[in-house]
Amino acid sequence: QMSSIQHPVLIIGGSGVVGSQAAAMIRRLHPNLPVTIAGRDLAKARAVAGKLGVEALAADLSKPDLGLPETARFSAVIVFVKDDWSTALRFAQRHGIPHLSVSSGAFEIGI
């Protein structure tokens, strides 16, 4: 149940074109769901997060911990950027949380 989620859903790439639209839709459909927008550009992530009333963090897909604070906890990871290393997937697996990658296979849909 959505209301029982304590940790935010981490949206990596949530400040890009598609990711920010998806984050806005998630906020509209589930206004009480905690969300954290993460991306390479913290200023851009903060700009989108500020409009949605959610948190923002910098994320680095080249690092196993995604460059996130060690104390940060999430209920799920949604990825809207190409994750060539599957770092976000491994991060989610280590933390035992759901993972959804929207971008990594999107090119296959158009073939």
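Of the 111 residues of the protein chain, 39% count as buried, where buried means under 20% relative accessible area, exposed over 50%, and partly exposed in between, with a 1.4 Å probe and protein chains only. This is a predicted model, in which local features need pLDDT of at least 70 and side-chain atom pairs count only at pLDDT 80 or more, while totals for chains, interfaces and linings use all residues. Residues are numbered from 1 along each chain as its sequence is written, and side-chain values use heavy atoms, with hydrogens and water left out.

**Fold and sheet**

The protein chain comprises 4 helices and 5 strands, taken as DSSP runs numbered from the N terminus (helices H or I with at least four residues, strands E with at least two); along the sequence the pattern reads β-α-β-α-β-β-α-β-α. An open sheet of 5 strands has the order S3-S2-S1-S4-S5 with parallel pairing, two strands being paired if DSSP finds at least two bridges between them. Strands S3 and S5 (99–101) stand at the edges with a single partner strand each, so one side of each has no neighbour in the sheet. On average, neighbouring strands of this sheet are turned by 20° against each other, direction ignored. Strands S2 and S3 run parallel and are joined by 4 bridges; Ala 38 has Leu 57 in S3 as its bridge partner.

Two of the helices can be placed against these strands. Helix H1 lies across S1, S2 and S4 and runs at about 175° to S2, whereas H3 packs on the sheet, touching S1, S4 and S5, with its direction at about 170° to that of S4. Such axes are lines fitted to C-alpha atoms, for helices over the stretch in contact, and the angles run from 0 to 180 degrees between N-to-C directions; contact means heavy atoms within 4.5 Å.

**Cores and the aromatic pair**

A nonpolar core is a set of buried Ala, Val, Leu, Ile, Met, Phe, Trp, Tyr and Cys residues joined through side-chain atoms within 4.5 Å. The largest one has 18 residues, of which Val 9, Ile 11, Ile 26, Val 35, Ile 37, Leu 52 and Val 54 touch the most other members. The elements that give two or more residues to this core are S1 (9–12), H1 (17–29), S2 (35–39), H2 (42–52) and S4. Apart from it lies another core, of 15 residues, among them Ile 12, Ala 38, Phe 91 and Ala 92. Leaving aside neighbours within four places in sequence, Val 35 is in contact with residues including Pro 8, Ile 26, Arg 27 and Glu 55.

The structure holds 1 aromatic pair, where rings of Phe, Tyr and Trp (its six-membered ring) pair if their centres lie within 6.5 Å, and planes under 30 degrees apart count as stacked, over 60 as edge-to-face and the rest as tilted. The rings of Phe 74 and Phe 91 have centres 6.4 Å apart and planes at 55°, so the pair is tilted. Because Phe 74 lies in the loop between S3 and S4 and Phe 91 in helix H3, the pair ties together parts that are 17 residues apart in sequence. Both Phe 74 and Phe 91 are buried.

**Positive phi outside glycine**

Two loop residues have a positive phi although neither is a glycine.

| Residue | Phi | Loop | Relative accessibility |
|---|---|---|---|
| Leu 66 | about 60° | between S3 (55–58) and S4 (76–79) | 0%, buried |
| Ser 86 | about 55° | between S4 and H3 (87–95) | 31%, partly exposed |
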